[in-house]
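Work through the exercises below with the sequence and the structure side by side, and try each task before reading its solution.

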Amino acid sequence: MVKSLAISLIALIIMKNLNVSIIGLSVLTILSMGAASVATEGVELNGLYSTDFVMGLMITLTLFVAILSYLSSAKVSRKASFNLMVISISLILVMSFSVSSFFLFFFFFESVLAPLLLLIVGWGYQPERLQAGGYMVIYTVFGSLFFLWGVSELYLSGMSSSMSSVGSSVKKSAMSLWWLYILGFLIKLPMYPFHLWLPKAHVEAPVAGSMLLAGVVLKLGGYGLLRFMLVMQVSLSSMFFVLLLSVNLAGGFYAGLACVRQVDLKCLVAYSSVAHMSLVLLGVLSNTLLGVMGAIIIMVGHGLCSSGLFSYVNAIYKMSHSRLLVMNKGGLLFCPVLVLMCFFLSSSNMAAPPSLNLFGEIFVFGVGGWMSGAFLFILGLMSFISACFSLYLYGSCSHGKGVMHSESLNLSSLCDVFVLLSHWVPLNFLFMFMP
């Protein structure tokens, strides 16, 4: 199945026709949905690839977001090269989620930087895109080197390179540096204070780059951390564990406060990602069934919600030609349909029912309360500030005296509404198909 997906994606690279590419990506999404539905038990293929429910879910999310980012970028320069970058990112992400070896995962984990950097530099909006790309590369490459060192050290100590097994003769001294080995995943999530590259990359990236970055690329950190922690033996009472979770939750709350003070729409959505992914880190590091389930649900919900919010920011940017909140007021006067979609996505962003974010946060809150009452208190503050910045986003863009130029609802904005609705529907109804 994985090989057929790879061959199909390579074939799509040579397709220049928009309709043919969309049909091809749609077929791949349907195939990956089938894989997610049948791969409820882990199966390893040829020692290189593995199939399980999490893998199928991440591949489905990758291709689904890739299709929607494709639709949101109908009018871009150098269309053929742009299509090549988007499909290359999708192919590398599919391979990242499919492999069963930590070394192969590291290879694809790093390979996604090349087309993503070209996408930001080649189709970014401002001259600062070179600096943003440099920040992204330096941060992620530096952190992932510790992961490569850690996997090599564990392999030499007796651990198998497979994600599904661990050797019994691994030295405890090698396990003791687990907090250093996961630095690359913490940067990719990103966790506070390793998040500074994310707002810069989002601000300078085109809409497809922002949607893929927030919707899928950040999930590489959570997915890799989930796989790596399954083979590690970590004490929940160790000093590094408690310190890491404390800084993570405090940083998530601080990122929420930063959202309320933002004046740039893209920065607001980017900082909200830092706040939400801190919940994923708590769920994965708890190493409990409830916490891991909550982390996976939040990753899927955040991938759909954040990608939709970036698509909404792009839709109103095309009308106002500005990302500033003060320049995008009065949306109800010009395009009430987009405002309605903003309300739907903002309510899902604050974990309003019946979104996936609500179910994931319930699981993570339960694990946080089981671990510490202080963690539960901070989680409550994070939930409150999440509602504040979601309402701040909706209220700032929807009400007030409008300064945008009035435009009729043309074919372009109809496509934007379709893309936004395509994000919201699975975000709020996918829970009915949860196993």
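Accessible areas here come from the Shrake-Rupley method with a 1.4 Å probe. The model is predicted, and its accessible surface comes to about 16,800 Å², of which 72% belongs to carbon and sulfur atoms.

**Exercise 1.** Determine how the rings of Phe 107 and Phe 108 are arranged, and how far each residue is covered.

Solution. Begin with the whole structure, where a search finds 26 aromatic pairs. One of them joins Phe 107 and Phe 108, whose centres are 5.1 Å apart and whose planes meet at 75°; because planes over 60 degrees apart count as edge-to-face, this pair is edge-to-face. Turning to coverage, Phe 108 is buried, at 14% relative accessible area, whereas Phe 107, at 48%, is partly exposed.

**Exercise 2.** Classify the pair formed by Phe 344 and Trp 424, and state which helices it ties together.

Solution. The ring centres lie 4.5 Å apart with the planes at 20°, so the pair is stacked. Next, locate the partners: Phe 344 belongs to helix α17 (residues 336-349) and Trp 424 to helix α20 (residues 411-429), so the pair ties together parts 80 residues apart in sequence. Finally, since buried means under 20% relative accessible area, Trp 424 is buried at 16%, while Phe 344 is partly exposed at 22%.

**Exercise 3.** Find which charged residue lies over the face of Phe 109, and which one lies over Trp 123.

Solution. Phe 109 is a member of an aromatic cluster that also includes Phe 105, Trp 149 and Tyr 223. Over its face lies Lys 188, at 4.7 Å from the ring centre. For Trp 123, the residue over the ring face is Arg 78, at 4.7 Å from the centre.

Key: Residues are numbered from 1 along each chain as its sequence is written. This is a predicted model: local features need pLDDT of at least 70, side-chain atom pairs count only at pLDDT 80 or more; totals for chains, interfaces and linings use all residues. Side-chain values use heavy atoms; hydrogens and water are left out. Rings of Phe, Tyr and Trp (its six-membered ring) pair if their centres lie within 6.5 Å; planes under 30 degrees apart count as stacked, over 60 as edge-to-face and the rest as tilted. Buried means under 20% relative accessible area, exposed over 50%, partly exposed in between (1.4 Å probe, protein chains only). Helices (H or I, at least four residues) and strands (E, at least two) are DSSP runs, numbered from the N terminus. A charge sits over a ring if NZ of Lys or CZ of Arg is within 6 Å of the ring centre and within 35 degrees of the ring normal.
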